[in-house]
Amino acid sequence: MKIAKVLKVIDQGWVQKPEGFRVHFQKKTDLEIITDFVPGTDDAPFDSDVTAWRTAWKLYQSTQSEHPDFGQGKLINIYVVDAAGNPVKYYATNRHEVFNPNKV
Amino acid sequence: MVDQFPKLIKIKDVLTLYGQDLVQSMFFLVVGLIAIRLIIKLFKRTLSKITPNVPLVSAISNTIYVILLVTVITTALVPIGLDTRNVLRFLIIISLVTVALIIIFRPYIPSLPFKVGNTIKTGELLGKVESTTFLNTRMRTFDGKTVWIPNSKILNDYMINYHLTPSRRVNLDVRIRYDQDLMKAKQVLEAIMIEDPRTLAKPRPIVYVTHLLEDCVTIGGRCWVDNLKYWRVRCDLLEKTKLRFDNEGIAFAYPQRDVHVYNKTKLVEDAPIKASCAVPKDDDFEDMQ
């Protein structure tokens, strides 16, 4: 097998390189649960999972406050996904993490 | 003083004849120059809002400035009685001669190895070039300071231009203890670099064992990133390395030296302390000299 082919196999089978990251969260209202992303699916995703996880954590922290803007809905199931929408492992623990988990 | 009278009378005659025209001409010139200054300032501000390309804005503004300047000078010379066509011809000849001289002597003129908008490092200063003149270069450092550097200093010192190459290498040098799993450390470090979307696939990220020091093994991760993303990628990779190594149970090394004392005889408690705390006398210094 040629080296180029071997490298291709390694790239496809070993560590994957995501194209970008988004913060996934759900907003709980009286009637329904709305799923949203930061940045939105129409915008360019974050190029850094560090930035994405930091944003997720700040978002989670904001749900702990008693700010009047969060009175209508509570943000739940906050985690980072890649550009394709698959959950991304938290880089610090190398495990899937969810901030403010809430079974829907 | 008496000798000066004929000259003064001559000046008076000239002023009487052409004074009004001269004043008119000077008025056009001064007003024209002020107007050009305002127009160019306004134009630059408007153009900067349309395009963020600083060199392009600068080039267009300079061209318009020259055209307006020629127009104002020509207009100012008309009241004196000079023929506009001759003035224009004269200015065109001067311009062409200047351009020709620049083309001929350009290889011999020391030029600055950067353009406006480039990120450079000269001496200890790192920042973005905002403008250049014949005498100095204005640079904005990344901590918000504006620095004017003499061009002579830039030309006589080393200088790094980060815009000439599109990518840059990130070095991640990590020191681990000898009793740690070296292969696991290499694998984790390589995975951290590969899984970052900003690291380039070619050249591939790679990990070397760079040193076997007396207190640690040094492994060096090498990956390439776009020049503009260098700083953030480096910081993110360092953070991930620290956290992932902690999570994987790979201990970092810190400078240390183990001292093993093998002593067959029993130590007398007072004797070594007295010896180590002994204050040297003056005679001791004389002996040393």
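**Exercise 1. Determine which residue of chain A forms a salt bridge with Lys240(B), and describe the interface to which chain A and chain B contribute.**

Step 1. Lys240(B) forms a salt bridge with Asp49(A), and their closest N and O atoms lie 2.8 Å apart. A salt bridge here is a side-chain nitrogen of Lys or Arg within 4 Å of a carboxyl oxygen of Asp or Glu. The structure is a predicted model, in which local features need pLDDT of at least 70, side-chain atom pairs count only at pLDDT 80 or more, and totals for chains, interfaces and linings use all residues. Residues are numbered from 1 along each chain as its sequence is written, chains are lettered from A and ligands numbered from 1 in the order in which they are written, and side-chain values use heavy atoms, with hydrogens and water left out.

Step 2. Across the interface of chain A and chain B, the rule finds three salt bridges.

Step 3. Contact (heavy atoms within 4.5 Å) links 19 residues of chain A with 20 residues of chain B.

Step 4. The two chains bury about 1700 Å² between them, 52% of it on carbon and sulfur atoms. Buried area is the accessible area (1.4 Å probe) that two parts lose on being put together, summed over both. Of the area that chain A buries against chain B, 34% comes from Lys17(A), Asp47(A) and Tyr91(A), more than from any other three residues.

**Exercise 2. State whether Arg198(B) is buried or exposed, and identify its surroundings.**

Step 1. Arg198(B) is found in the loop between α5 (182-194) and β7 (206-212) of chain B. Helices (H or I, at least four residues) and strands (E, at least two) are DSSP runs, numbered from the N terminus.

Step 2. Arg198(B) counts as buried because its relative accessibility is 5%. Buried means under 20% relative accessible area, exposed over 50%, and partly exposed in between (1.4 Å probe, protein chains only).

Step 3. Leaving aside neighbours within four places in sequence, the contacts of Arg198(B) include Asp47(A) and Ser48(A) from chain A, and Trp224(B) and Asp236(B) from chain B.

**Exercise 3. Describe how the side chains are arranged along strand β4 (residues 146-150) of chain B, and how β4(B) pairs with β3(B).**

Step 1. In a regular strand the side chains alternate between the two faces of the sheet.

Step 2. In β4(B), Val147(B) and Ile149(B) point to one face and are buried, whereas Thr146(B), Trp148(B) and Pro150(B) point to the other and are not.

Step 3. Strand β3 (residues 136-141) of chain B pairs with β4(B) in the antiparallel sense over five bridges; pairing requires that DSSP finds at least two bridges between two strands. Asn136(B) stands opposite Pro150(B).
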